[in-house]
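Colleague: I am new to this one. Can you put the model up and take my questions in turn?

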Amino acid sequence: MKQGTQGSAGTGIPSPSQGLEARAGAESAGTGSGTARVPSQGRAPGVAAGRGVSASASAPTARGEHTHSETPIPRPRAVVQRASVRGQILDALRTALVTGELTPGAVYSAPALGDRFGVSATPVREAMQQLALEGAVEVVPNRGFRVVERGARELAELVEVRALIEVPVMLRLARTVAPERWAELRPLAEATVRAASTGCRATYAETDRTFHRAVLSLCGNEQLVQIADDLHRRAQWPLVSPARPSTRGHADLVADAAEHTALLDALIAGDVDVVRALVGEHFAGAR
């Protein structure tokens, strides 16, 4: 990006109420023209050279202007906020995966998805490549990306691995974390209940992962939290198999959310036996 009066204007994805059309100027720094301006780096007014007085932090002295008696002040980085088109497209694609809008087994090209979202093919291709790394899609040379078809066996394996990671951690935390810390998670558990009541799988999937991340984060192992969250996300993709072509329904989401609040109640009460039983039921129901 060039500094000065020439900025860089990206293309963003608007809010849900506006659809996914490209919006111009979303990254402007408040100039009204979509141009990000870099703060001037000249000398602060009223500061003379050669007096042994450094420039103010708000207007740093440009390189080569200070005298030998002045102490150079590190030049602050220009604060330029840039909306990540790739990140927004990635979120939109993940939502489409969870809801089944992107059909398992179907092939989608980056240009076609770009037209759908109102952006160029480049951020779509980058987002799809990230999904390929996560195992959600696979690259089809000269065609695009195919949404991976998952069977019941793969889902069962993902849930089993999640249980091996999360259950021991939750039981250890049940014995060591103070009740007031667990009480702080009440809003997150209630958010899953509200999301489940709407029947929106994408909204529930996000609140579900948020609650589980908050619980596991109390163990202080960031690597464990990231791995568990990745497994959780993959387990939320639609299940497609000849024996079970549909995904979990509204009643399943409501029951799943109710288990969150019951689990939190047991954790606050310090009842390890109840926690063990609820966690076992929670993962069994996720298969």
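Colleague: Which residue's side chain makes a polar contact of 3.2 Å with the side chain of His260?

Modeller: This is a predicted model. Start in helix 9, where His260 lies. The partner has to be in touch with His260, and the residues that touch it include Ala189, Thr192, Tyr204 and Phe211. The side chain that makes the polar contact at 3.2 Å belongs to Thr192.

Colleague: What distance separates the side chains of His260 and Asp208 in their polar contact?

Modeller: Asp208 is among the residues that His260 touches, along with His212 and His282. The two side chains are joined by a polar contact, and its length is 3.1 Å.

Colleague: Is His260 buried or exposed?

Modeller: Buried means under 20% relative accessible area. His260 has a relative accessible area of 1%. That puts His260 under the cut-off, so the word is buried.

Colleague: Which backbone oxygen does the side chain of Thr207 reach?

Modeller: Thr207 sits in helix 7. Thr207 counts as buried, at 17% relative accessibility. Its side chain comes to 2.9 Å from a backbone oxygen, that of Tyr204.

Colleague: How far apart are the C-alpha atoms of Thr207 and Ala195?

Modeller: Leaving aside neighbours within four places in sequence, Thr207 is in contact with Ala191, Thr192 and Ala195. Along the chain, Thr207 and Ala195 are 12 residues apart. Between their C-alpha atoms the separation is 7.2 Å.

Colleague: Which helix gives the largest share of the largest nonpolar core?

Modeller: That core has 33 residues, and Trp182, Leu263 and Val275 have the most contacts inside it. Helices 4, 7, 8, 9 and 10 each give two or more residues to it. Nine residues, the largest share, come from helix 4.

Colleague: Which residues does Val275 touch, not counting residues up to four places away in sequence?

Modeller: Val275 is one of the residues with the most contacts inside the largest nonpolar core. With residues up to four places away left out, the list is Leu171, Ala174, Leu263, Ala266 and Leu267.

Colleague: How many residues are in the other core?

Modeller: It lies apart from the largest one. Its members include Ala92, Leu113, Phe117 and Phe145. Two of these, Leu113 and Phe117, are buried residues of helix 2. The core's count is 23 residues.

Colleague: Why do the buried residues of helix 2 line one face of the helix?

Modeller: Helix 2 runs over residues 110–117, and its buried residues are Ala110, Leu113, Gly114 and Phe117. What covers them includes helix 1, strand 3 and helix 3. Look down the helix axis: the buried residues line one face because they fall within an arc of 105°.

Colleague: At the start of helix 2, which backbone nitrogen does a side-chain oxygen of Ser109 reach?

Modeller: The other end first: Gly118 follows helix 2, with a positive phi near 80°. At the start, the side-chain oxygen of Ser109 comes within 3.2 Å of a backbone nitrogen, that of Ala112.

Colleague: Which strands stand at the edges of the sheet?

Modeller: Three strands form an open sheet in the order 3-5-4, with antiparallel pairing. Two bridges join strand 3 to strand 5, and Val107 stands opposite Arg146 in strand 5. Each edge strand has a single partner, so one side is left without a neighbour in the sheet; the edges are strand 3 and strand 4.

Note on methods:
Residues numbered from 1 in each chain as written. Predicted model: local features only at pLDDT ≥ 70, side-chain atom pairs only at ≥ 80, totals over all residues. Heavy atoms only, no water. Buried < 20%, exposed > 50% of the residue type's maximum accessible area, 1.4 Å probe, protein only. Helix = DSSP H or I, 4+ residues; strand = E, 2+ residues; numbered from the N terminus. Arc of directions from axis to C-beta. Contact = heavy atoms within 4.5 Å. Polar contact = N/O pair within 3.5 Å; in protein donor to acceptor, adjacent residues only side chain to side chain. Core = buried A, V, L, I, M, F, W, Y, C linked by side-chain atoms within 4.5 Å. Pairing = 2+ DSSP bridges.
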